[in-house]
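Here are some exercises to work through with the model open on your screen. Try each task before you read its solution.

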Amino acid sequence: MKTPFRQLLSTAALVVFSALSIPASGANASPNILLLVADDLGYSDIGAFGSEIATPHIDSLVAQGRMMTDFYSAPSCSPTRAMLLTGNDQHMAGLGLMAEVRKRRFPGNVPVLPGYEGVLRHQVVTLAQLLNDAGYKTILSGKWHLGKTEDLQPQNQGFEQSWTVLEGGSANFKQDEMGLFPDYPATFLHNGKPLELPEDFNATEYYTDKLIASTEAARKEGRPFFALAAYTAPHWPLQAPDRYLEMYRGKYDEGYQVIADARIGRMKELGLLPDDFPDRAVLDESPAWETLRAEEQQRSAREMEVYAAMVTQLDTEVGRLVNYLKRTGQYEDTFIMFMSDNGPESKDYDLRVGDWIAENFDNSLDNLGRKNSFVTYPKAWAQVSAQPFRGYKQTIQEGGIRVPAIIHYPAKLAPGGSDEVFMSVRDVMPTLLELASVNPPGIEYQGRSVYPVQGRSQWSALYDASVQDREAGVLGWEVDGNAALRKGPLKLVYTVKEADTGWQLYDLAQDPGERNDLAEERPVELSRLLTEWQYYAQVNNIALNDDLTPALPLLETTSKARSGQ
């Protein structure tokens, strides 16, 4: 049985280790590295994490590897990818705002602070660049979302082979309208050149095909590979082949509250939650299932069926990759990490672009999830995916930033036993660099000034739990004016939606679901964390108001904001 969740949090220090200070504890100098990134997958969407969704291949990685129950991402897609590939906070890497959010909030050429550009900055170095310099064949298959100009495309950011969609995603089948919303086409490229998709295109299968072909080429060349499988599943539009859709017909007819409560029950059975955790899941702003009309229930259940189908298809493709590695004798010497890029998405585009959807797609009940449908993930079901936490993607509640993660490397890491290791997405790059015996960049790379890597290698903590540093560290977040900071088990939270409440304080060791605000009861600790937040914001060039809440990142307002650089 896994360590109880309360104990995980109470003992989960923010472990920090320099990527240069500790040798790789006997790991091969150049192991293969397979980084599997799901798109908008919730914390409890994997069977081993408590889900009813069938994910046997990912569950097998858990059984033979490490379930990381204290792993954090950024609140949204491209900021996480920037942190993953640069080892730096999203603001330092240029993704203080997503490109789409910046365009919506600040149209035209409105100048914003450095760090809010919405694309990778030239002051950072990517993991792919460093590993490619060290002789790795570097491969990207899937989503990029870090810049569309030629200099920012994957082939010019260290990837030797890239099969990619530049934007935040696409339809999962080849169809007339492939974009995620109006005037947002999906641009498919192979090494920077336009890519013609096959008629039978399915994104999840296609990206796996290209990844296997590229890693096989590396094997024949006698080179180690770094492969980033940047899947677009289960990102909307929710679509899956019929064989997966049929698996879930009728599985969600009882409604979201029943499913969410059942997940909490399974997580308790698995030891992922303490026995005294409340049995009833919190589903904010969601109408009771029984108050919905019959046709509303039917359509809502169908949306969840499609989502589950996408997750199971993703699991199947992960299984294909693992089986390829086993078949070619590369399995034992491949470090595999699986993670989600953020919490589950919560969108209802019918309210925003209903005319566009009606004109371009067939959203009849029978066609939902099939080719030429456009299905998004509604708020109630997103909160099912995020259980036992509150929130979802684009929020700084745990449901938006605490994500499922698995590390699998039986050759060097014994299965189990590392649940308490605190790790963030910006720690992945220095951890993998240490594993590959590659030094991180300093303040210069190929003649240009760059930011040193902020993340810390967690390899030694993973390899030997006895060397963990129990001193509390600090990790912060900011997205669209919402802010959070965690130090040890305490978490500071500010949300624009609850601005009247002001800063909130939670003790995650006692309250992982963030249900009990302690700000009034523990003012001294609140003040200490606010000081930590101010310092974090200054270091990462986050614009602040006088009350330390995030400010608009406009250059002309910097005289009224507190920023560090």
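**Exercise 1. A hairpin**

Which residue in β15 does W477 stand opposite? Work outward from that pair to describe the hairpin.

Before starting, two notes on the numbers. This is a predicted model, where local features need pLDDT of at least 70 and side-chain atom pairs count only at pLDDT 80 or more, while totals for chains, interfaces and linings use all residues. Residues are numbered from 1 along each chain as its sequence is written, and side-chain values use heavy atoms, with hydrogens and water left out.

Solution.
- Step 1: W477 faces A484 in β15.
- Step 2: Strand β14 covers residues 474-479 and β15 covers 482-487; helices (H or I, at least four residues) and strands (E, at least two) are DSSP runs, numbered from the N terminus.
- Step 3: The two strands pair in the antiparallel sense over 6 bridges, and strands count as paired if DSSP finds at least two bridges between them.
- Step 4: The hairpin has 2 residues between its strands, and D480 takes a positive phi near 50°.
- Step 5: Of the 6 residues in β14, 5 are buried. Buried means under 20% relative accessible area, exposed over 50%, and partly exposed in between (1.4 Å probe, protein chains only).

**Exercise 2. The 9-stranded sheet**

Put the strands of the open sheet in order and find its edges.

Solution.
- Step 1: Reading across, the order is β2-β10-β9-β1-β8-β4-β5-β6-β7, with mixed pairing.
- Step 2: β2 (66-68) and β7 (193-194) are the edge strands; each has a single partner strand, so one side of each lacks a neighbour in the sheet.
- Step 3: Helix α2 (residues 56-64) packs on the sheet, where it touches β1 (32-38), β2, β9 (334-340) and β10 (405-408), and its direction makes about 60° with that of β10. Axes are lines fitted to C-alpha atoms, for helices over the stretch in contact, and angles run from 0 to 180 degrees between N-to-C directions.
- Step 4: Inside the sheet, β4 (residues 137-143) and β5 (residues 161-165) run parallel and are joined by 5 bridges. In this pair, G142 stands opposite T164.

**Exercise 3. Helix α7**

Check the length of α7 and say what its buried residues pack against.

Solution.
- Step 1: The expected span is 1.5 Å times one less than the number of residues. For the 19 residues of α7 that gives 27 Å, and the end C-alpha atoms are 27 Å apart, so the two agree.
- Step 2: Helix α7 (residues 203-221) lies across β1, β4, β5, β6 (188-190) and β8 (225-230), and runs at about 175° to β4.
- Step 3: Its buried residues include Y206, Y207, L211, I212 and E216. The packing partners of the buried residues are β1, β4, β5, β6, β8 and α10 (294-327).
- Step 4: Right after α7 comes G222, with a positive phi near 70°.

**Exercise 4. Two helices side by side**

How do α9 and α12 pack, and which residues meet?

Solution.
- Step 1: Helix α9 (residues 256-269) and helix α12 (residues 379-386) pack at about 5°, with axes 9 Å apart. That makes the pair roughly parallel, a label for angles under 35 degrees (over 145 is roughly antiparallel, 65 to 115 roughly perpendicular, the rest oblique).
- Step 2: From α9, Y256, I259, A260 and R263 meet A380, W381, V384 and S385 of α12, where contact means heavy atoms within 4.5 Å.
- Step 3: By class, this contact has 6 nonpolar, 1 polar and 1 charged residues. Ala, Val, Leu, Ile, Met, Phe, Trp, Tyr, Cys and Pro count as nonpolar, Asp, Glu, Lys and Arg as charged, and the others, Gly among them, as polar.

**Exercise 5. Backbone oddities**

Most residues other than glycine have a negative phi, and most peptide bonds are trans. Where are the cis bonds at P237 and P388, and are E285 and N541 buried or exposed?

Solution.
- Step 1: W236 and P237 are joined by a cis peptide bond, with omega about 0°. P237 sits in the loop between β8 and α8 (242-245).
- Step 2: The bond from Q387 to P388 is also cis, with omega near 10°; P388 is in the loop between α12 and α13 (398-401).
- Step 3: E285 has a positive phi near 55° and is exposed, at 54% relative accessibility.
- Step 4: N541 has a positive phi near 60° but is buried, at 2%.
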